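Visitor: Could you pick a single part of this model and give me a close look at it? Once that's clear, walk me outward from there, please.

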Amino acid sequence: MQNLKLPITINPSRSAQRRLVCEGVCKLSDMTRLLAECESRSEHVQVSVKFDVDERGLTVMSGTASALVALTCQRCNESFDQLLEVEFTFSPAKNEEAAEKIPSYYDVVELDENGEVNLRELVEEELILMIPLIPRHDIQDCSADADSVWGELPEEVEKPNPFDILKQFK
Ligand SMILES: [Zn+2]
């Protein structure tokens, strides 16, 4: 993918009329709220956004974003690389009243007073949501003793998923 720098803000309805497809990057170092939760492992966030108008005449912006970051394992305290990947489908609304008319299969993003959306903030928020509540290595990559007591971790997180166990036998 080319490293075209994306605009920070964009007018979604104008872009939708032109059926615009944006592929490019945002600087990861500009995403300070995201970097409060993890460490940067790549210079850029790769973003791809498609603007369209749906059959109801709503503006839709859908796409993907990904960035390589480092998280700290809550079991052994070592950092590990994690690719954060998101898929999103937004429909912009200029106020709450307009937002209520947007069907629930779209996420709502608020337009600013210029009718624009802050693309970088939108992507940043989506990436923050992808950071696990309790980041941990895969068990086979973790240097902590698998039998050690994990103390503060909530109980439900420790329970192995029965479907994962089944998968190992397939
Ligand atoms: Zn670990």
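Guide: Ground rule first: helices (H or I, at least four residues) and strands (E, at least two) are DSSP runs, numbered from the N terminus. The model is predicted, and local features need pLDDT of at least 70, side-chain atom pairs count only at pLDDT 80 or more, while totals for chains, interfaces and linings use all residues. Numbering starts from 1 along each chain as its sequence is written, and side-chain values rest on heavy atoms, with hydrogens and water left out.

Let's go to the zinc ion. Cys73, Cys76 and Cys142 each coordinate the zinc ion through SG, and His137 does it through ND1, at 2.0 to 2.3 Å. Donors here are N, O and S atoms within 2.8 Å of the metal, and since water is not among the atoms, sites may look incomplete. The angles that the four donor atoms subtend around the zinc ion run from 103 to 119 degrees, which makes the arrangement tetrahedral (all angles between 85 and 135 degrees). For reference, the ideal angle for four tetrahedral donors is 109.5 degrees.

Read along the chain, the donors of the zinc ion are spaced C-x2-C-x60-H-x4-C. Cys76 comes from the loop between β5 (59-72) and β6 (79-93), whereas His137 comes from the loop between α4 (119-129) and α5 (155-158), so this pair ties together parts that are 61 residues apart in sequence.

Now zoom in on the individual donors. Cys76 counts as buried because its relative accessibility is 15%, where buried means under 20% relative accessible area, exposed over 50% and partly exposed in between (1.4 Å probe, protein chains only). His137 is buried too, with a relative accessible area of 12%. Leaving aside neighbours within four places in sequence, His137 is in contact (heavy atoms within 4.5 Å) with Cys73, Cys76 and Cys142. The other partners of His137 on that list are Arg75, Glu78, Ser79 and Phe80. You can also trace a link from His137 to Gln82: their C-alpha atoms are separated by 9.5 Å, and the two residues are 55 apart along the chain.

Right beside Cys76 in sequence there's a nice backbone detail. Asn77 has a positive phi of about 70 degrees although it is not a glycine, and it sits in the loop between β5 and β6. Asn77 is exposed, as its relative accessible area is 62%. If you like that sort of thing, Arg19 has a positive phi as well, of about 50 degrees, and is not a glycine either. Arg19 belongs to the loop between α1 (12-17) and β2, and it counts as partly exposed because its relative accessibility is 46%.

Stepping back, the protein has six helices and eight strands. From the N terminus on, these elements run β-α-β-α-β-β-β-β-α-β-β-α-α-α. Among the strands, β5 and β6 have the loop with Cys76 between them, and they also feed the interior: together with β2 (21-27), β4 (44-53) and α4, each supplies at least two residues of the largest nonpolar core. That core has 35 residues, and Val45, Met61 and Leu127 are the ones with the most contacts inside it. A nonpolar core, by the way, is a set of buried Ala, Val, Leu, Ile, Met, Phe, Trp, Tyr and Cys residues joined through side-chain atoms within 4.5 Å.

Met61 is a good residue to click on. Not counting residues up to four places away in sequence, Met61 touches Pro12, Val49, Lys50 and Phe51, among others. Its list also takes in Phe88, Thr89 and Phe90, and of these Phe88 and Phe90 are both buried. Further along the chain, Met61 reaches Val109, Val117, Leu119 and Leu122.

For contrast, try Thr32 in helix α2 (residues 32-35). Thr32 is exposed, with a relative accessible area of 56%. The C-alpha atoms of Thr32 and Glu124 are separated by 8.9 Å, though the two residues are 92 apart along the chain.

Two totals round off the tour. Of the 170 residues of the protein, 36% count as buried. And among contacts in the protein with a separation of 6 or more, 55% come from residues 24 or more positions apart.

Key: Donors = N, O, S within 2.8 Å, 3.2 Å for Na, K, Ca; no water. Tetrahedral: all angles 85-135°; square planar, octahedral: opposite > 155°, others 65-115°.
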